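Reader: I'm new to this structure and would love a close look at just one part of it, the sheet nearest the start of the chain. Could you walk me through that part and then show me what surrounds it?

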Amino acid sequence: MRIGLLTEGGYPYATGEARLWCDRLVRGLPQHEFELYALSRSAEQERTRIPLPEHVTRVRTAALWAPADDGRTYSRRERRRFADCFKELVHGICAAAPEAFATGLYGLADLAREQGGLYAALRSESAVRALEAACRAPGASRSVQAAQVTDLLRFVDELEAMLRPLSLDWYEENARGEGLGAVDVCHAAAGGVAALPGLLAKRFFGVPLLVTEYGVQLRAHYLTHFGAGEGEEPRPAVRALLGAFHLRLASEIYARADFLTPGNAHARRWQERCGATRDRLRTVHPGMEADRFATVGEAADRGDPDTLVWAGRVEPAKDLIALLHAFAEVRRAEPRARLRIFTTAADPGYLADCRSLAAQLFPDEAADCVTVGENPVAFEEIGGPEAPSAAEAYGAGRIVVLSSVIEGFPVTLAEAMLCGRATVSTDVGAVREVIGGTGLVVPPRNPRALAEACLSLLGDTERAERLGAAARARALELFTVEQNITAFQEIYLRLLAKGSERPDGGVPFARPPEARVPGHWTSPTWAKPAPDPTSEAAV
């Protein structure tokens, strides 16, 4: 089976989202051929690519960050055709008209396929004027109607980058049988722009489209600030236009995809609200390498009973400020309690604020007048001398805390469960689904509730051990690499079993793999046909 894997800002680069699970998926299915089609977000990202296995037969990349002017100019008839399609697209964006959006999107895709790239056309004055007319038309939102020229120019610039997959040469099958039009299944590792090439391959060639979302791209857009400069927030009109585009694109992807695999129920609810039907949905949890945590998870030592552990990236969404205030209440009730914060990465400014608050709330303590003081809150890095690995970080205490106010799938929580640790978490994202009754859940932004939950486990060692054992059993059942790979193998076969939607009526596996290898396999060049006895040459 040939799988076209579509990514944006991740695999096969060394940094970015979805890199780990894509690599595990590819390496876990060596019986299939994979072709990678990657959209990159920066020049730095493209410099480092991870080693790929032999069954990855092709890697194509395209940059969303660099200008893509191919010098293509359109004739008068082509410009008129572009204007008609672009008007439909922006009308669908500004007036919340899904049908017009789809008509315009596929019209532009057909034009780019027949006549070449859209770079110059999308940045032309006619495109800006069409956008302005759509913003001023009846039915447009108040924020969009207030758009100024600078807002229109900025949105057109963003739109050209997001629609760049329409102009790529990834779709047509070449002489070697390569191209998205020749694969058996297109698998998008994310929604949004990453799935756009698969949407076009389905339209042009009937290739089945599978979309996996561990973090919903539409939700990620709503949480992202599109500042025009350092510390500058975007104007309301630009936010409204970008939000409308991402919503229309997500709805079209969910409506056209053959199958959707959200990573959790939280993502699934977003997809259903945007039009996905339940018969095409299946939750597939992320897969983790359970062996990395087996030593800690199966050890008799359950960690220091007086230590709370937090691990992850230090940033405002993790709300460490609330955690430090909660720990201040814990210390008043349990003077022996300690908090160890292990960082994988950090927002420098926010980390400095957290260190400063910890120093104010917990002055260094000393046993006597000659002993050096020590703070009960420690900031450490995973990979340092105290915690060379994530497993050893979780193993430092008996209770792991998650204090986030924004969370998709809580990876650190699942890793703590694999280590057999009891958990105290805020009720955000997919936390309640992951925990499943094996830990304590409290409201976000509530330090008192967080402190009371931690104290209840610090004061009941047996309960903490029971919850930790149950958490490890649940994680081994739901969150391993093996269950993830098995699920996708079944889904690939299910998509092929549905039958072909290709315009030419072709069926999967109709062409053997050797048909894509140059040369004559059935009739070698050195083999001469036997003479016909009835011919004149044989007489």
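Author: Happily! One term comes first: a residue is buried when its relative accessible area is under 20%, exposed when that value is over 50%, and partly exposed in between, with a 1.4 Å probe and protein chains only. By that rule, 52% of the protein's 539 residues are buried. This is a predicted model, in which local features need pLDDT of at least 70 and side-chain atom pairs count only at pLDDT 80 or more, while totals for chains, interfaces and linings use all residues. Residues are numbered from 1 along each chain as its sequence is written, and side-chain values use heavy atoms, leaving out hydrogens and water.

Now to your sheet. The protein has 21 helices and 12 strands; these are DSSP runs numbered from the N terminus, helices being H or I with at least four residues and strands E with at least two. Strands S3-S2-S1-S4-S5-S6, in that order, make up an open sheet of 6 strands with parallel pairing, where two strands pair if DSSP finds at least two bridges between them. At the edges stand S3 (56-63) and S6 (259-262); each has a single partner strand, so one side of each is left without a neighbour in the sheet. On average, neighbouring strands here are turned by 15° against each other, direction ignored; such angles use lines fitted to C-alpha atoms, for helices over the stretch in contact, and run from 0 to 180 degrees between N-to-C directions.

Look next at S4 (residues 185-188) and S5 (residues 209-213), which run parallel and are joined by 3 bridges. Ala188 has Val211 in S5 as its bridge partner. Helix H12 (residues 265-273) packs on the sheet and touches S5 and S6, its direction making about 140° with that of S6; contact means heavy atoms within 4.5 Å. Back in S4, Cys186 is buried, with a relative accessible area of 0%.

Strand S1 (2-8) leads to a loop worth a stop: Gly9 lies there, between S1 and helix H1 (19-28). Gly9 counts as buried, at 1% relative accessibility. Its C-alpha atom is 5.4 Å from that of Arg41, although the two residues are 32 apart along the chain.

What surrounds all this? The largest nonpolar core has 76 residues, and Phe86 and Leu163 touch the most other members. Such a core is a set of buried Ala, Val, Leu, Ile, Met, Phe, Trp, Tyr and Cys residues joined through side-chain atoms within 4.5 Å. Helix H11 (residues 236-256) gives the most to this core, with 10 residues. Beyond its neighbours within four places in sequence, Phe86 is in contact with several residues, including Leu108, Leu122 and Leu159.

Finally, there is another open sheet of 6 strands, in the order S9-S8-S7-S10-S11-S12 and with parallel pairing. Its neighbouring strands are turned by 25° against each other on average, direction ignored. Within it, S7 (residues 304-314) and S10 (residues 397-402) pair over 3 bridges, and Val309 stands opposite Val400 in S10.
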